[in-house]
Amino acid sequence: MDITQAIQTKRAVREFSQQPIPEEAVLAILHAGRRAQSSKNTQPWWFLAIRDRQQLQALSELGTYASHLATAALGVAILTPDPAARWSIMFDAGQAAAYMQLAAWGMRIGSCLVTLHNPEPARQVLGFPEDVHARMAISFGYPADPSLIDQEKVYFDRWPEAQAPSPSAHR
Ligand SMILES: Cc1cc2nc3c(=O)[nH]c(=O)nc-3n(C[C@H](O)[C@H](O)[C@H](O)COP(=O)(O)O)c2cc1C
């Protein structure tokens, strides 16, 4: 999927299949976050990748709309310095989140942001220190409904040349 297509088709995905995300895709997602732009290139973030089911369950209880984190194949907690220190910290965190989500969607992996409305217990779950903060996380996983992501099967005006074989080829 090219970047324009990814931007145009991306949706929030909150229902995931049981299919695990391959290690190289996990690394590509995390690397996309590291490549995000940030104020004065300060990169005020750490990304904590979580696949442990108990940790995902515990984090899913820390937000009002966070239940999808419990069933995600991968959770990424976006850790930052104190967001109250300067406004750009959460802006930068949002940039990193968008990069990771678009990189994932390009690999047909869905995602949804998670606001941790009750962030302090995340410290216990993930073991990060006092001067680090967790306000946001992201759920990642292959969509339970693959048609969400197969939107390139929609064409305009003409069957695309040199792109897809005819449906009979799949039979
Ligand atoms: C700052 C921010 C916080 C969000 N927090 C949550 C959340 O806690 N739970 C959730 O399910 N979705 C959350 N979302 C996802 C939005 O609900 C979603 O991006 C929006 O509904 C658009 O969805 P769509 O791209 O499928 O149209 C958040 C999005 C943003 C930008």
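Let's start in a loop: Gln-43 is partly exposed, because 15 other C-beta atoms lie within 10 Å, a count between the 12 that would still be exposed and the 20 needed for buried. The model you're looking at is predicted, so everything here is computed from it.

**Two residues with positive phi**

Gln-43 belongs to the loop between H2 and E1. Its phi is near 45 degrees, which is positive even though the residue isn't glycine. Arg-108 is another non-glycine residue with a positive phi, near 65 degrees. You'll find Arg-108 in the loop between helix H4 (88-106) and E3. Arg-108 counts as partly exposed because it has 15 C-beta neighbours inside 10 Å. Here are the two side by side.

| Residue | Phi | Loop | C-beta neighbours within 10 Å |
|---|---|---|---|
| Gln-43 | near 45 degrees | between H2 and E1 | 15 C-beta atoms |
| Arg-108 | near 65 degrees | between H4 and E3 | 15 C-beta atoms |

**The sheet**

Now for the strands. Four of them form an open sheet in the order E1-E2-E4-E3, and their pairing is antiparallel. E1 and strand E3 (110-115) sit at the edges with a single partner strand each, so one side of each has no neighbour in the sheet. On average, neighbouring strands are turned by 25 degrees against each other, ignoring direction. Helix H2 (residues 23-34) packs on this sheet and touches E1, E2 and E4. The direction of H2 makes about 160 degrees with that of E1.

As background, strands of a sheet pair through backbone hydrogen bonds, either parallel or antiparallel. Between E1 and E2, which run antiparallel, there are 5 bridges. Across this pair, Leu-48 stands opposite Ala-77 in E2, and Ala-49 stands opposite Val-76 in E2. E2 also pairs with E4, again in the antiparallel sense, over 7 bridges. There, Gly-75 faces Ser-139 in E4.

How enclosed is E2? Of its 7 residues, 6 are buried, so E2 is largely enclosed by the rest of the structure.

**One face of helix H3**

Helix H3 (residues 53-60) has Leu-56, Leu-59 and Ser-60 as its buried residues. Looking down the axis of H3, these buried residues fall within an arc of 100 degrees, so they line one face of the helix. That fits a general pattern: an α-helix has 3.6 residues a turn, so residues three or four places apart point the same way. What do the buried residues of H3 pack against? Their partners are strand E1 (46-50), strand E2 (74-80), helix H5 (120-126) and strand E4 (133-141).

**Far apart in sequence**

Over in helix H1 (residues 3-9) you'll meet Ile-3. Ile-3 counts as exposed because only 11 C-beta neighbours lie inside 10 Å, and the cut-off for exposed is 12 or fewer. Ile-3 and Gly-106 are separated by 103 residues in sequence, yet their C-alpha atoms are 7.4 Å apart in space.

**Around the ligand**

Last stop: the ligand. Which residues surround it? They are Arg-11, Ala-12, Arg-14, Gly-63, Tyr-65, Ala-66, Cys-112, Leu-113, Val-114 and Thr-115. Sorted by class, this shell has 6 nonpolar, 2 polar and 2 charged residues.

Definitions and conventions:
Residues are numbered from 1 along each chain as its sequence is written. This is a predicted model: local features need pLDDT of at least 70, side-chain atom pairs count only at pLDDT 80 or more; totals for chains, interfaces and linings use all residues. A residue is near a molecule or strand if its C-beta atom, placed from the backbone, lies within 6 Å of it. Ala, Val, Leu, Ile, Met, Phe, Trp, Tyr, Cys and Pro count as nonpolar, Asp, Glu, Lys and Arg as charged, and the others, Gly among them, as polar. Helices (H or I, at least four residues) and strands (E, at least two) are DSSP runs, numbered from the N terminus. The arc is that of the directions from the helix axis to the C-beta atoms. Two residues are in contact if their C-beta atoms, placed from the backbone, lie within 7 Å. Two strands pair if DSSP finds at least two bridges between them. Axes are lines fitted to C-alpha atoms, for helices over the stretch in contact, and angles run from 0 to 180 degrees between N-to-C directions.
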